[in-house]
Amino acid sequence: MSTTTTTQRPSTTVTAPEPRTRSRVPWRAIFLGLLALLFLTPLLWMVSTSLKSTAEVSQADLSFIPKDLSTDGYSKILGAPQTPVGQWFLNSMIAATGQALLVLVVATMAAYALARLSFPGKRIITALVLATLFVPPISLLIPNYVIVANLGWLDSLSAVIIPGAAGAFGVFFLRQFFMSLPVELEEAALLDGANRFKIFLTIIVPLSRPALATLALLTFLTNWNDFLWPLYVLFSPERLTIQPGLSTLQSAYTTDYATILAGGVIASIPVLILFLISQRFVIEGIARGGLKG
Amino acid sequence: MATLAPVSASAPPQEKRRGGGRAPSADPAVMRAGLGTALLFVGPYLVLFCTFVLAPIVYGLWISLHTWDFLLPGKPFVGLQNYVDLFTGGSTTSEPFWNSMRATAIFTVLSVPLLMALPLALAVALNKKFRGRNAMRAVFFAPFVLGVAVIGLLWRYLLDPNVGVVNYYLDQLGIDRIPFTTATPWVWLALVVPTIWWTAGYNMVIFLAGLQDISPELYEAAELDGASAWQRFRHVTLPGLRPVTVFVLTITILASANVFGQPYLITQGQPGGETRSAIMEIGEEGLRRFNMGSASAMSTVLTVALLLVSLITLSFLRERTPKEAKR
């Protein structure tokens, strides 16, 4: 920790300079550490409760460490035909992966055209697409339900994969990124006689890998966590995705919290793992774009 | 479907506001492409965009002009009747709707200040390098990646009046058990606290990004002038974060005003529909009772309200821009 003059600091530092510290006790770290622990507590209780027996959860004397380690909750929820958590998990995987791939293909191509190509109508299309970023999603809920019903997609995964991929965020995000790429590489390739698709696939896509990964992750997470839309467009127990599925646990198991929270843990593990291995992309993506589920 | 926000704190749009870019004749060769090629690139997205974004905007307004029962063949045109009903006391739709708007407003007013202050404090504290900083950032952000259903089930348990963890500890402290999920004013606590836990890390990440854009020289100069830590925060950090703050404020108000999962799962609208949010009311009216005409009218009113609120918050940004431009 720097305790003397500013000259010791490298002038190229990106983060804000550290203020002088008066004491050696790292109060900031201690305080933040306690707060971080407080933030972790609900998650830890979820895991601990899911590992208790049904009887223990309703006992008057509660303890954080399960007195009698039990996987009853897990076996109960994985074996229950009316609440097929395994199937919901699979459905969510298919939906979230499917939507991420669809957004990658469709939004990347559109964003490239809007960032780089000049063609009639480009300005109007760009303005329209970007303007819809301001449209509150609630105004689309009812009409999209009717549209999806007319397409015969109610109660099918298409309903939770395709309409959500039409949002303007992906196009906005990638267009911004493509505009920051230098044009010279494409110019050289054009002179070499490469066509537009070849340029797109061999120059733009490889250069954009981090941005594409970020967008895919954000799309996956948003879709995995979406609740309102799948809650209404999916209804058969075996067709649900994980979030609306979980919400039915409350009525199925009332206060059998060991079982309910076992479901919560199962639903959380993939997103937490995905987040931990891809933290940088997720956080950077949010810092640059802003996206709220 | 996500609420997507177009303002980027650290990367302002590069093209010029007026004219939207270069005139076609001035385009470099590399930008020229046949209409066919361009259509192949934008076409697939445009089909999706028109079907699931553009058409529904218009279609929703159209539906709101009808008595549109999804399950019945006849959908008679009624003009503005659905809107008139909403604004007439005593109609079947106006009371539940305005109750839900009130609940939404209460939730927004209670949650937004905390969702600004805590993340800002966390971001400032985490902006300094120390061991474990990245791990802490991850911990504060982690709840956000859990879906609202997990948040709902988990907090429903933690706040359960009988077997919940919070009440167990209150009991230990000799405090009477509190019916967090069923009685006012506790229900608001049961909605606001989980929401802060869930989304504070998200706002923190945006604030942290904004802090990177404040020039270190400003802090050095302030320090040379003998400014205290608080003065540096007040006169360097806060003004430097102004655009980011307005951005975070806007998306947070919108997110809070769109609250759905928390009251649906944690309080289930209790007591007596008092915590039923606007989105909850629209969803139940349109997609459970299938009164899509009145539900669409409600959506329109809510949308207009949300747009007005965003315009007002965004105008805070514009007011100060001339001064800011010198930076």
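## Phe290(B): buried, with positive phi

Phe290(B) has a relative accessibility of 14%, so this residue counts as buried. Its phi is positive, about 60°, even though Phe290(B) is not a glycine. You'll find Phe290(B) in the loop between α12 and α13 (292–324) of chain B. Bear in mind that this is a predicted model.

## The α11–α12 loop of chain B

Gln268(B) sits in the loop between α11 and α12 of chain B. Gln268(B) is another non-glycine residue with a positive phi, near 50°. With 39% relative accessible area, Gln268(B) comes out as partly exposed.

Pro271(B) is also placed in the loop between α11 (261–267) and α12 (278–287). The peptide bond joining Gln270(B) and Pro271(B) is cis, with omega about -15°.

## A second cis proline

Chain B has a cis bond from Thr184(B) to Pro185(B) too, with omega near -5°. Here Pro185(B) belongs to the loop between α6 (165–172) and α7 (186–212).

## Gln250(A) and its contacts

Over in chain A, Gln250(A) is part of helix α13 (residues 242–253). Its relative accessible area is 10%, so Gln250(A) is buried.

What does Gln250(A) touch, leaving aside neighbours within four places in sequence? The list is Ile260(A) plus Leu153(B), Arg156(B), Leu265(B) and Gln268(B). That brings back Gln268(B), the loop residue with phi near 50°.

## A nonpolar patch on chain A

Val25(A), Trp27(A), Ile30(A), Leu34(A) and Leu37(A) make up a nonpolar surface patch, together offering about 520 Å² of accessible area. One of them, Ile30(A), lies in helix α1 (residues 27–50). Ile30(A) is partly exposed, at 40% relative accessible area.

Note on methods. Residues numbered from 1 in each chain as written. Chains lettered and ligands numbered in written order. Predicted model: local features only at pLDDT ≥ 70, side-chain atom pairs only at ≥ 80, totals over all residues. Heavy atoms only, no water. Patch = residues over 30% accessible without salt bridge, like charges linked within 9 Å, V, L, I, M, F, W, Y side chains within 5 Å. Areas by Shrake-Rupley, 256 points an atom, 1.4 Å probe, with all protein chains shown as cover. Salt bridge = Lys/Arg side-chain N within 4 Å of Asp/Glu carboxyl O. Helix = DSSP H or I, 4+ residues; strand = E, 2+ residues; numbered from the N terminus. Buried < 20%, exposed > 50% of the residue type's maximum accessible area, 1.4 Å probe, protein only. Contact = heavy atoms within 4.5 Å.
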